[in-house]
Amino acid sequence: AAANYQTGSGRSSVSLAKDALDQSGYVIMKDGIREDQSGKQLSFNLLICRKHPRHMAAAQSVKSQLAKVGINVDITEISGNGLISRAAEGKYHLYLAEYAVENDMDIGKLFTPGEGLYNGPLPYDSVRTYTNYRLGQGPIEEFITAFESELPFIPLCYRMGIAVYARSIEGVG
């Protein structure tokens, strides 16, 4: 059902990003980085887990994409536990981490402060519509719309595919 419901508002656009930054008063300076009228640069630190080469590749891609619109990103590699604790405490600009969906497909921990995955104002509409969906009291489309509106975190990459083995599963010949 979710695959059939895509609004497209989450898609990237360099020209739209540049226009939004221009309208917000951020201008590109000689070093290629945007800054506001007070001279504050758009420069962020991105935390990643040092033991995952995939994370470094994704972080480099994020850095490259944001550089195209004049936003600087410095990448900091830290331990997995360090990343979780800093994220839970809100001690980051940006962070890149994985979330494995549990067997029951519950993503509720993504919206639970103190779990090390989310820090910030509670995304009430996302939580409400997700809860309604999980209870069978609302369609997934309402959750997707609320999530895209509040954007409590930004999903960048999705890993697909799974291999499962159980002795109780028998093949059909």
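This report walks through a predicted model of one protein chain, from its overall make-up to a few residues worth finding in the viewer.

**The chain as a whole**

Let us begin with the overall plan. The secondary structure of the protein chain amounts to five helices and five strands. Reading from the N terminus, these elements follow the order α-β-β-β-α-β-α-β-α-α. Of the 173 residues in the protein chain, 22% are buried. Among contacts in the protein chain with a separation of 6 or more, 57% join residues that are 24 or more positions apart. The accessible surface of the protein chain is about 12,100 Å², and carbon and sulfur atoms hold 54% of that surface.

**The sheet and the helices across it**

Next, look for the sheet. Three strands make up an open sheet, arranged E4-E3-E5, with parallel pairing. Strand E4 (72-78) and strand E5 (94-95) are the edge strands, each pairing on one side only. Strand E3 (residues 43-49) is joined to E4 by seven bridges, again in the parallel sense. To see one spot in this pairing, find Leu46, which stands opposite Ile75 in E4.

Two helices can be viewed against these strands. H2 lies across E3 and E4, and runs at about 165° to E4. Helix H3 (residues 80-89) lies across E3, E4 and E5, and runs at about 135° to E3.

His55 is a good residue to pick out here, as it is found in helix H2 (residues 53-67). Is His55 buried or exposed? His55 counts as buried because its relative accessibility is 7%, and the cut-off for buried is under 20%. Beyond its neighbours within four places in sequence, His55 touches Ile48, Cys49, Leu96, Ala97 and Glu98.

**Two nonpolar cores**

Now turn to the inside of the model. In soluble globular proteins, nonpolar side chains tend to be buried together. The largest nonpolar core here consists of eight residues: Ile107, Leu110, Phe111, Tyr130, Ile140, Phe143, Ile144 and Phe147. Helix H5 (residues 140-150) is the element that gives the most to this core, supplying four residues. Another core lies apart from it and has seven residues, including Leu46, Ile48, Ala58 and Val73. Leu46 is thus a residue you have met already, in its place opposite Ile75 in E4.

Ser126 is another residue to find, this time in helix H4 (residues 124-134). Ser126 is buried, as its relative accessible area is 0%. Setting aside its neighbours within four places in sequence, Ser126 is in contact with Phe111, Phe143, Ala146, Phe147, Glu150 and Pro152.

**Aromatic pairs**

How many aromatic pairs does a search of the whole structure find? The search finds three aromatic pairs. Two of them are set out below.

| Pair | Arrangement | Centre to centre | Angle between planes |
|---|---|---|---|
| Tyr92 and Tyr95 | edge-to-face | 4.9 Å | 85° |
| Phe143 and Phe147 | tilted | 6.0 Å | 50° |

Tyr92 is partly exposed, with a relative accessible area of 25%, and Tyr95 also counts as partly exposed, at 22% relative accessibility. For the other pair in the table, Phe143 is buried at 9% relative accessibility, and Phe147 is buried at 13%. Phe143 and Phe147 both belong to helix H5, where they sit four residues apart, about one turn of the helix. Together with Tyr130, Phe143 and Phe147 form one aromatic cluster. These three residues also appear in the list for the largest nonpolar core.

**A buried glycine in a loop**

One last stop is Gly70, found in the loop between H2 and E4. Why does Gly70 count as buried? Gly70 counts as buried because its relative accessibility is 2%, where under 20% is the cut-off. Leaving out its neighbours within four places in sequence, Gly70 makes contact with Gly32, Ile33, Arg34 and Leu42. Gly70 can also be placed relative to Asp31: the two are 39 residues apart in sequence, and 9.1 Å apart in space from C-alpha to C-alpha.

Note on methods
Residues are numbered from 1 along each chain as its sequence is written. This is a predicted model: local features need pLDDT of at least 70, side-chain atom pairs count only at pLDDT 80 or more; totals for chains, interfaces and linings use all residues. Side-chain values use heavy atoms; hydrogens and water are left out. A nonpolar core is a set of buried Ala, Val, Leu, Ile, Met, Phe, Trp, Tyr and Cys residues joined through side-chain atoms within 4.5 Å. Buried means under 20% relative accessible area, exposed over 50%, partly exposed in between (1.4 Å probe, protein chains only). Contact means heavy atoms within 4.5 Å. Two strands pair if DSSP finds at least two bridges between them. Axes are lines fitted to C-alpha atoms, for helices over the stretch in contact, and angles run from 0 to 180 degrees between N-to-C directions. Accessible areas come from the Shrake-Rupley method with a 1.4 Å probe; for residues, only the protein chains shown count as cover. Rings of Phe, Tyr and Trp (its six-membered ring) pair if their centres lie within 6.5 Å; planes under 30 degrees apart count as stacked, over 60 as edge-to-face and the rest as tilted.
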